[in-house]
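Me: I would like a close look at one part of this protein, with the neighbouring parts brought in where they help. Here is the model.

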Amino acid sequence: MVGVDGQATIDQIVSGCSTMLDPPWEPTFFNVPFGDGSGRSVVVVRVDANVAPRPVLIKVKAPIRLSGRNATADRARLLQLAREEPSATVLPTGQNVMSPNLDRDGEGKATADFILRTGINLPMGEAAAWRPLSEKTVAALAQALNGSALPPVLHNLGNGAIDYATDFRQLGHNRARKARLVWQATGRPTENKHLVEAVVSVELPEIYGAAAAPAAASVTIDIIARVCQYAESRGNAGWTHRYAVPDLATLFEGLLKTAVDPKVVAEIARIADIDTALVAQPRELHLVADRQVKELLYSGGLEEIPDAGASAGGIFRSNPALNLRSDTDRQEQVDDWLRQLGLDAGLTGMERVVEGYRAAAARTTTQPVG
């Protein structure tokens, strides 16, 4: 097996899909490095017929397989394809994470500033289809999460107000086929208000009624932030809070880095009984806020667009050509999301703020010691 330049090959396929297919559509990619220092990989291209549009045309024709040979769909077959619906029982691997909901109190007020969610759907091996979750594998996933990039960026999001934090541990609704691992931080050990929380949920389809259940497992990562509400509740101390763009950049980057962390991926693969190469990279990020996003952001360098309207969140798609395991590609993805966040919030200046932040970070990392 010779292998290829993984990223260049993915870029070429993505470009071809974009220019040649009608409608443009992209499969799922798994880049499997050889690990021998050659820099070459095997690129796995997964085409899921249950999520692909029907039909997909190439040069105004629809290629099909007919009696073991290649053929072109005639008019009747085209109409049949157009009427077909993707199977409702199959989840697209690595995509379409459900948008989260903000919890509300008895008066209907949101209990957090915002919730951020990413995640993946993934196939299951034969053993995962019937066995319950192992306590050892769930504990190993918690340990991997505790050693990942996530806890430090969650501390950073607290803006110095976090005095006490737990490790990831099982909390809340855990069952034989569902694990819920939670990290929580407070301003003081005795306070009940959590400034920042992270919830990682792993769920396998239920065995009973499996014929109607999605044949895929799911992993979601939720970040729940309450620093603004915490500051408002302590208004007598004269403290208000807004989230700085660099802190959000650090959060986005840490979230993606954790999702592709080899140790985290290995434990997820073990739970689903699949090869690590089949654990897809996250392809979308959801943000749901309790107020307009522009009211959550520190305004330094940002200006409102007159009459731009309100935005209390959004869905941020990933560029499928980027390898989120690469520091450079991950940074590019985060910067794209920040630019989208600013524009959706009706703000200008986000590109300049991001460029300034990156330049300052580069100066810090290249500064000589001593």
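In which sense, left-handed or right-handed, does H3 pass H7? Please also go through the contact between the two helices and the space around them.

Reply: This is a predicted model, and what follows is computed from its atoms. H3 passes H7 in a left-handed crossing.

Two packed helices are described by the angle between their axes and the distance between the axes. For H3 and H7, the axes come within 8 Å and cross at roughly 165 degrees. Because the cut-off for roughly antiparallel is an angle over 145 degrees, H3 counts as roughly antiparallel to H7.

On the H3 side, the contact is made by Thr137, Ala140, Leu141, Ala144 and Leu145. H7 contributes Lys263, Val264, Glu267, Ile268, Arg270 and Ile271. Sorted by class, the contact of H3 with H7 has seven nonpolar residues, one polar residue and three charged residues.

Both helices also border an enclosed space. The structure holds four cavities of 30 Å³ or more, and the largest cavity has about 110 Å³ of space. Its lining takes two or more residues from each of strand S7 (114-122), helix H3 (135-146), strand S12 (217-225) and helix H7 (262-272). S7 gives the most to this lining, with three residues. There are 14 lining residues, and Ile120, Val219, Ile221, Ala259 and Ile268 lie nearest the centre of the cavity. Ile268 therefore has two roles in this account: the residue is part of the H7 side of the helix contact and is among those nearest the centre of the largest cavity. By class, the lining of the largest cavity divides into 12 nonpolar residues, two polar and no charged.

A second helix pair can be set beside this one. The axes of helix H4 (residues 150-157) and helix H6 (residues 245-259) come within 9 Å and cross at roughly 160 degrees. That makes H4 roughly antiparallel to H6, and H4 passes H6 in a left-handed crossing. In this contact, H4 supplies Leu150, Val153, Leu154, Asn156 and Leu157, while H6 supplies Asp247, Thr250, Leu251, Gly254, Leu255 and Thr258. The classes here are six nonpolar, four polar and one charged.

H6 also leads to the second largest cavity, which holds about 80 Å³ of space. S7, H6 and helix H8 (293-296) each supply at least two residues of its lining, and H6 gives the most, with three residues. The residues lining the second largest cavity include Phe114, Leu116, Leu248, Leu251, Phe252 and Val293. Leu251 belongs to the contact of H6 with H4 and also lines the second largest cavity. The lining of this cavity has 11 nonpolar residues, with no polar and no charged ones. S7 appears in the accounts of both cavities: the strand gives two or more residues to the lining of the largest and at least two to that of the second largest.

Two backbone details from elsewhere in the chain complete the picture. Most residues other than glycine have a negative phi, and most peptide bonds are trans. The peptide bond from Asp22 to Pro23 is cis, with omega near 0 degrees, and Pro23 lies in the loop between strand S1 (21-22) and strand S2 (28-33). Lys59, in the loop between strand S4 (57-58) and strand S5 (63-66), has a positive phi near 55 degrees.

Conventions:
Residues numbered from 1 in each chain as written. Predicted model: local features only at pLDDT ≥ 70, side-chain atom pairs only at ≥ 80, totals over all residues. Heavy atoms only, no water. Axes fitted to C-alpha atoms, helices over the stretch in contact; angles between N-to-C directions. Helix = DSSP H or I, 4+ residues; strand = E, 2+ residues; numbered from the N terminus. Parallel < 35°, antiparallel > 145°, perpendicular 65-115°, else oblique. Left-handed = near helix turned anticlockwise from the far one by under 90°. Contact = heavy atoms within 4.5 Å. Nonpolar A, V, L, I, M, F, W, Y, C, P; charged D, E, K, R; others polar. 1 Å grid on protein atoms, 1.4 Å probe; cavity = no way out; pocket = protein on both sides within 12 Å on 5 of 7 lines; lining within 4 Å. Points joined across faces, edges and corners; volume = space filled by probe spheres on them.
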